[in-house]
Amino acid sequence: MNLSTSSSSLRIGDYISIRQSSPQSGYISAEGVVNDDCFVSENSDSFQDCLWEIHVQYQYSALREYEMVMLELGELAAEWVDDENPVSLETVSPDSNAIISSHDLIHQLRNAAVNEKRLNEKLMTMKLGKPIAFGDVIQLRHVKSRTFLSVSMSVLAQQERENMNVELESQGSTECHFVFSPKHKNHREGQRIVNNCELYIRAVERGNEYLHCSK
């Protein structure tokens with residue numbers, strides 16, 4: 001893929017477009033408002049759909065734990081999120097062996113997720129303008145919809161059913177972590193990425209798998 005940016009060196013916070021040269025020429029695009037699917041587009045009239053912002057690697061452990069508990073407890077958990085009254089259902093904290101209510105546990109996990117989000121945003125502000133290199137873990141945020149490029153954990157690709165779908169995700173997750181890898185031997189891990197550099201985009205959570213477009 002060919003990466004385009006206005007500066008000579010790619011930096012955190014840059015708006016970029018990513019053009020695929022083969023098997024189909026076009027820019028990685030997404031509508032992002034009604035449809036979360038990503039695709040390759042040759043239509044310059046919708047170039048706003050092709051812009052991505054380079055983000056730092058966000059952490060999602062607290063958010064994932066909160067979402068897992070909410071999923072396990074179901075409808076009761078949704079009611080407790082805004083409920084100020086304690087409930088009788090209890091659970092055991094694995095760290096302190098103290099008995100705490102599920103109501104309190106949900107609020108603790110929710111606060112942890114909120115704090116994690118704030119720390120992510122603070123880190124993004126601190127790293128703004130920092131050059132990135134091959135091998136750095138980053139995220140790509142769709143400028144138009146403010147959602148993150150992601151590899152689905154459950155939805156298969158429409159054309160190649162042996163692969164997973166590439167789509168947008170609102171809050172982000174570890175499936176939104178990517179690495180820019182060198183395409184040519186004259187580039188190496190740790191080297192800064194410059195304008196119009198040819199590269200591969202590797203999905204961190206999926207081992208040695210890369211983004212690509214079906215024929």
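## The nonpolar core

In this predicted model, the largest nonpolar core has 37 residues, and among these Trp52, Ile54, Leu140 and Phe180 touch the most other members. Helix 3, which runs over residues 102-127, gives the most to this core, with four residues.

Helix 3 is also the place of Arg110. With a relative accessible area of 32%, Arg110 is partly exposed, because a residue must lie under 20% to count as buried and over 50% to count as exposed. Arg110 and Tyr66 are 44 residues apart in sequence, yet their C-alpha atoms are 6.1 Å apart in space.

## Aromatic pairs

A pair of aromatic rings is described by the distance of the centres and the angle of the planes. The structure holds four aromatic pairs. One of these is formed by Tyr27 and Phe47, whose rings are 5.4 Å apart from centre to centre, with an angle of 85° between the planes, and this arrangement is edge-to-face. The pair links distant parts of the chain, since Tyr27 belongs to strand 3 (residues 26-30) while Phe47 is found in the loop between strand 4 and strand 5 (52-56), 20 residues apart. Taken from C-alpha to C-alpha, Phe47 and Tyr27 are 8.5 Å apart in space. Tyr27 is partly exposed, with a relative accessible area of 25%, and Phe47 is likewise partly exposed, with a relative accessible area of 32%.

Another edge-to-face pair is made by Tyr58 and Phe148, with 5.8 Å from centre to centre and 70° between the planes. This pair, too, links distant parts of the chain: Tyr58 lies in the loop between strand 5 and helix 1 (61-73), whereas Phe148 lies in strand 9 (residues 147-156), and the two are 90 residues apart. Both Tyr58 and Phe148 are buried. Ring pairs also bring in Tyr60, so that Tyr58, Tyr60 and Phe148 are linked into a cluster.

## Salt bridges

How many salt bridges does the structure have? The count comes to three, and each of them can be followed by looking at the side chains that meet. In one of them, the side chains of Asp49 and Lys144 meet at 3.0 Å, N to O. Asp49 lies in the loop between strand 4 and strand 5, and Lys144 in the loop between strand 8 (137-142) and strand 9, so that this pair links distant parts of the chain, 95 residues apart. Asp49 has 12% relative accessibility and therefore counts as buried, whereas Lys144 is partly exposed, with a relative accessible area of 33%.

The side chains of Arg146 and Glu53 meet in a salt bridge as well, at 3.3 Å, N to O. Because Arg146 lies in the loop between strand 8 and strand 9 and Glu53 lies in strand 5, this pair ties together parts that are 93 residues apart in sequence. Arg146 counts as partly exposed at 33% relative accessibility, while Glu53, at 9% relative accessibility, counts as buried.

Glu209 and Arg206 also have side chains that meet in a salt bridge, at 3.1 Å, N to O. Here Glu209 counts as partly exposed at 40% relative accessibility, and Arg206 is partly exposed too, with a relative accessible area of 23%.

## The largest pocket

Rolling a probe the size of a water molecule over the atoms shows where empty space is left. The largest pocket in this structure has a volume of about 670 Å³. Which residues are the closest to the centre of this pocket? Of the 25 residues that line the largest pocket, they are Ala157, Met164, Val166, His212 and Cys213. The elements that give two or more residues to the lining are strand 4 (38-41) and strand 10 (164-169).

Sorted by class, the lining of the largest pocket has 13 nonpolar residues, together with seven polar and five charged ones.

Methods: Residues numbered from 1 in each chain as written. Predicted model: local features only at pLDDT ≥ 70, side-chain atom pairs only at ≥ 80, totals over all residues. Heavy atoms only, no water. 1 Å grid on protein atoms, 1.4 Å probe; cavity = no way out; pocket = protein on both sides within 12 Å on 5 of 7 lines; lining within 4 Å. Points joined across faces, edges and corners; volume = space filled by probe spheres on them. Nonpolar A, V, L, I, M, F, W, Y, C, P; charged D, E, K, R; others polar. Phe/Tyr/Trp six-rings, centres within 6.5 Å; stacked < 30°, edge-to-face > 60°. Buried < 20%, exposed > 50% of the residue type's maximum accessible area, 1.4 Å probe, protein only. Core = buried A, V, L, I, M, F, W, Y, C linked by side-chain atoms within 4.5 Å. Salt bridge = Lys/Arg side-chain N within 4 Å of Asp/Glu carboxyl O.
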